[in-house]
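Work through these exercises with the structure open beside you. Try each task before you read its solution.

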Amino acid sequence: MTDDARSRIESTVKGNDVVLFMKGTPLFPQCGFSSRAVAILEHLGVEYASVDVLQDQGIRQGIKEYSDWPTIPQLYVKGEFIGGSDIMMEMYESGELSQLLQDQGVATAH
Amino acid sequence: MPMAAQEIETMIKAAIPDAEIEITDLAGDGDHYAARVVSESFRGLPRVRQHQRVYAALDGRMGGVLHALQLTTAIPQ
């Protein structure tokens, strides 16, 4: 990963409480997995920043090394990597995701 | 080149020998799978680490030739 990509990833992840790295945008997700991740965050009513990796090859590759996670989407809360869409779904269904957000002091609508 | 379900199972089994593995071909196209992997060795690991072990077993194929693998991990009941 280039230093430039790393520093941009770090500033995004540390500068926002909740960040979703995804393919496409929340309004126009370009992949079913990203679409699922957006739907979960929307359901929780949480404010989040999103990064469209399709617009940036450096970040698209770099984010996989950053988290040692091979796929996108990737969710970060308060700088911590939480997981991809499967883990988000499991945690959402069990209530762990809203608990985690609450524990981290992130406001949700529910 | 998509991967065959058998090949996915063999690779996971090689890395996690006690794993019980269930693979479903979601779209019938040999390219969109769901896998459920149950192993005692996951005990005590956070979910991210459990999934990372399965991805490591697939040796770089995940996110490459294998685009869509919906993964669930669990510890035996």
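Two strands pair if DSSP finds at least two bridges between them. Keep that rule at hand. The model is predicted.

**Exercise 1. Confidence**

Task: State what the mean pLDDT of chain B is, and give the scores for the complex.

Solution. Start with the chain. Chain B has a mean pLDDT of 91. In chain B, 99% of the residues reach 70 or more. Now take the complex. Its ipTM is 0.77 and its pTM is 0.89, as given by the predictor.

**Exercise 2. The sheet of chain B**

Task: Find the order of the three strands in the open sheet of chain B, then name the edge strands.

Solution. Step one is the order. The strands follow one another as S1-S2-S3 in chain B, with mixed pairing. Step two is the edges. Strand S1 (20-25) and S3 of chain B each pair on one side only, and these are the edge strands. Step three is the twist. On average, neighbouring strands are turned by 15 degrees against each other, direction ignored.

Next, apply the pairing rule. Strand S2 (residues 32-38) of chain B and S3(B) are joined by seven bridges. The two strands run parallel. For one bridge, look at Ala34(B): its partner in S3(B) is Gln70(B).

Last, add the helices. H2(B) packs on the sheet and touches S2 and S3 of chain B. Its direction makes about 125 degrees with that of S3(B). Helix H1 (residues 5-15) of chain B lies across S1 and S2 of chain B. H1(B) runs at about 155 degrees to S1(B).

**Exercise 3. The contact between the chains**

Task: How many residues of chain B are in contact with chain A? Which element of chain B gives the most?

Solution. Count both sides. In chain B, 10 residues are in contact with nine residues of chain A. Then sort by element. Helix H2 (47-57) and strand S3 (68-74) of chain B each supply at least two residues of the side that touches chain A. H2(B) gives the most, with five residues. Then sort by type. The side of chain B that touches chain A has four nonpolar, five polar and one charged residue.

**Exercise 4. A strand of chain A**

Task: Is strand S1 (residues 18-22) of chain A mostly covered or uncovered? Which strands does S1(A) pair with?

Solution. Check burial. Five of the five residues of S1(A) are buried, so the strand is mostly covered. Check direction. In a regular strand the side chains alternate between the two faces of the sheet. Here Val18(A), Leu20(A) and Met22(A) point one way, while Val19(A) and Phe21(A) point the other way.

Now the partners. Four bridges link S1(A) with strand S3 (residues 74-77) of chain A, and this pair is antiparallel. Val18(A) stands opposite Val77(A) in S3(A). Four bridges also link S1(A) with strand S2 (residues 49-52) of chain A, and this pair is parallel. Leu20(A) has Ser50(A) as its bridge partner in S2(A). From S1(A) the chain crosses through helix H2 (residues 32-44) of chain A to S2(A), a right-handed β-α-β crossover.

**Exercise 5. Backbone details**

Task: Where does the loop between H3 and S3 of chain A hold a cis peptide bond, and which residue there has a positive phi?

Solution. The cis bond joins Ile72(A) and Pro73(A), with omega about 15 degrees. Pro73(A) is in the loop between helix H3 (57-67) and S3 of chain A. Asp68(A) is in that loop too. Its phi is near 55 degrees, a positive value in a residue other than glycine. Asp68(A) counts as exposed because it has 12 C-beta neighbours inside 10 Å.

Methods
Residues are numbered from 1 along each chain as its sequence is written. Chains are lettered from A and ligands numbered from 1 in the order in which they are written. This is a predicted model: local features need pLDDT of at least 70, side-chain atom pairs count only at pLDDT 80 or more; totals for chains, interfaces and linings use all residues. pLDDT is the predictor's confidence in each residue, from 0 to 100. Two residues are in contact if their C-beta atoms, placed from the backbone, lie within 7 Å. Ala, Val, Leu, Ile, Met, Phe, Trp, Tyr, Cys and Pro count as nonpolar, Asp, Glu, Lys and Arg as charged, and the others, Gly among them, as polar. A residue is buried if 20 or more other C-beta atoms lie within 10 Å of its own, exposed if 12 or fewer, and partly exposed in between; C-beta atoms are placed from the backbone. A crossover is right-handed if, with the strands pointing away from the viewer, the path from the first strand over the helix to the second runs clockwise. Axes are lines fitted to C-alpha atoms, for helices over the stretch in contact, and angles run from 0 to 180 degrees between N-to-C directions.
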